[in-house]
Amino acid sequence: MSDCIFCKIAKGEVPSELLLEKENLVAFRDLNPQAPTHILVIPKKHIVSLDQAEAEDRDLLGDLLLAVQEMAQRENLEMGYRVVLNIGTHGGQTVPHLHFHLLGGRSLQWPPG
Ligand code: AMP
C-alpha cells in the first residue's frame, strides 16, 4: 500500500535498521525500543492485521514466526523472550500493517497493561 510506512520500509523507501530480508518478509529494529532487543518482523505483503490474514497467508505466517525465532537466536536471547502481535484499537496496534514484536534482553512483566 503506497502510504503505509511499513510497506515503505519493506521496499527500502524509508530507512530502517534492517536486520533480515527474505523473499516475503523483513526484520528491523523498532524506532522506540521497549526492551534491549526490540525487533519488528513484517511481511512484505500489506496485511492490515492478523484479523485480515487469509488461508492463503498460512505459509507466510509460518515464515514470519520462524524469522522471529531466527532473530531471537541471533540476538542470543537464551533466557527467553516475548513475541507480541497487537491487533486493532483495543490491542494497541498503531501501525496498520501486520507485525510481530520480538522483545527480549530483560525480564518482562505479565500481564501487560
Ligand atoms: P504497534 O503499536 O503494535 O502497531 O507497533 C508499532 C511499532 O512500530 C511501535 O513499536 C513503533 O515504535 C514502531 N515504529 C513505528 N514507525 C517505525 C519506523 N519508521 N521504524 C521502526 N519502528 C517504527
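# Exercises on a predicted chain

Among the contacts in the chain that link residues at least 6 apart in sequence, 53% join residues at least 24 apart. The model behind these exercises is a predicted one, and each task below is followed by a solution worked out in steps.

## Exercise 1: The chain as a whole

Task: Work out which elements the chain holds, in what order they run from the N terminus, and how its radius of gyration stands against the globule rule.

Solution. Step one is to count the elements, which gives 3 helices and 5 strands in the chain. Step two is to read them from the N terminus on, where the elements run α-β-β-β-α-β-α-β. Step three sets the radius of gyration, 14 Å, beside the 13 Å that the globule rule gives for 113 residues; the two are close, so the chain is as compact as a globular protein of that length. Step four adds the extent of the C-alpha trace, which spans about 35 × 30 × 25 Å along its principal axes. Step five turns to the surface: buried residues make up 35% of the 113 residues, while the chain exposes about 7000 Å², of which carbon and sulfur atoms supply 52%.

## Exercise 2: The order of the sheet

Task: Find the order of the strands in the open sheet, and say which strands lie at its edges.

Solution. It helps to recall first that strands of a sheet pair through backbone hydrogen bonds, either parallel or antiparallel. Here the open sheet has 5 strands in the order β1-β2-β3-β5-β4, and the pairing is antiparallel. The edge strands are β1, residues 18-22, and β4, residues 81-84, since each of these pairs on one side only. Neighbouring strands of this sheet are turned by 15° against each other on average, with direction ignored.

The next step follows individual pairs, beginning with β1, which is joined by 4 bridges to the antiparallel strand β2, residues 25-29. Within this pair, L20 has A27 in β2 as its bridge partner, and the hairpin that joins β1 to β2 passes through 2 residues. Toward the other edge, 4 bridges join β4 to β5, residues 100-104, and these two strands run antiparallel.

## Exercise 3: The strand β5

Task: Determine which residues of β5 stand opposite R82 and V83, which one is the bridge partner of H38, and how many residues of β5 are buried.

Solution. Starting from β4, R82 stands opposite L103 in β5, and V83 stands opposite L102 in β5. On the β3 side, 5 bridges join β3 to β5 in an antiparallel run, and the bridge partner of H38 in β5 is L103. Residue L103 therefore appears in both lists of partners, once for R82 and once for H38. The last step asks about cover: β5 is mostly covered, with 5 of its 5 residues buried. F100, L102 and G104 point one way from the strand, H101 and L103 point the other way, and all are buried.

## Exercise 4: Three residues compared with the cut-offs

Task: Decide whether D57, N76 and D63 are buried, partly exposed or exposed, and describe the surroundings of each.

Solution. The cut-offs come first: buried means under 20% relative accessible area, exposed means over 50%, and partly exposed lies in between.

D57 has its place in the loop between β3, residues 37-43, and α2, residues 58-74. Its relative accessibility is 4%, so D57 counts as buried. Not counting residues up to four places away in sequence, D57 touches K45 and I47, and the side chain of D57 makes a polar contact of 2.6 Å with the side chain of K45.

N76 lies in the loop between α2 and β4. At 51% relative accessibility, N76 counts as exposed.

D63 lies in helix α2, and with a relative accessible area of 33% it is partly exposed. Leaving out residues up to four places away in sequence, D63 touches N24 and L25. The C-alpha atoms of D63 and P43, which are 20 residues apart along the chain, are separated by 9.0 Å.

## Exercise 5: Backbone exceptions

Task: Identify what sets the backbone at N76 and at the bond between W110 and P111 apart.

Solution. The background is that most residues other than glycine have a negative phi, and most peptide bonds are trans. N76 has a positive phi of about 60° although it is not a glycine. W110 and P111 are joined by a cis peptide bond, with omega about 0°, and P111 lies in the segment after β5.

Terms used
Residues numbered from 1 in each chain as written. Predicted model: local features only at pLDDT ≥ 70, side-chain atom pairs only at ≥ 80, totals over all residues. Heavy atoms only, no water. Pairing = 2+ DSSP bridges. Axes fitted to C-alpha atoms, helices over the stretch in contact; angles between N-to-C directions. Rg over C-alpha atoms; globule rule 2.2 N^0.38 Å. Buried < 20%, exposed > 50% of the residue type's maximum accessible area, 1.4 Å probe, protein only. Contact = heavy atoms within 4.5 Å. Areas by Shrake-Rupley, 256 points an atom, 1.4 Å probe, with all protein chains shown as cover. Polar contact = N/O pair within 3.5 Å; in protein donor to acceptor, adjacent residues only side chain to side chain.
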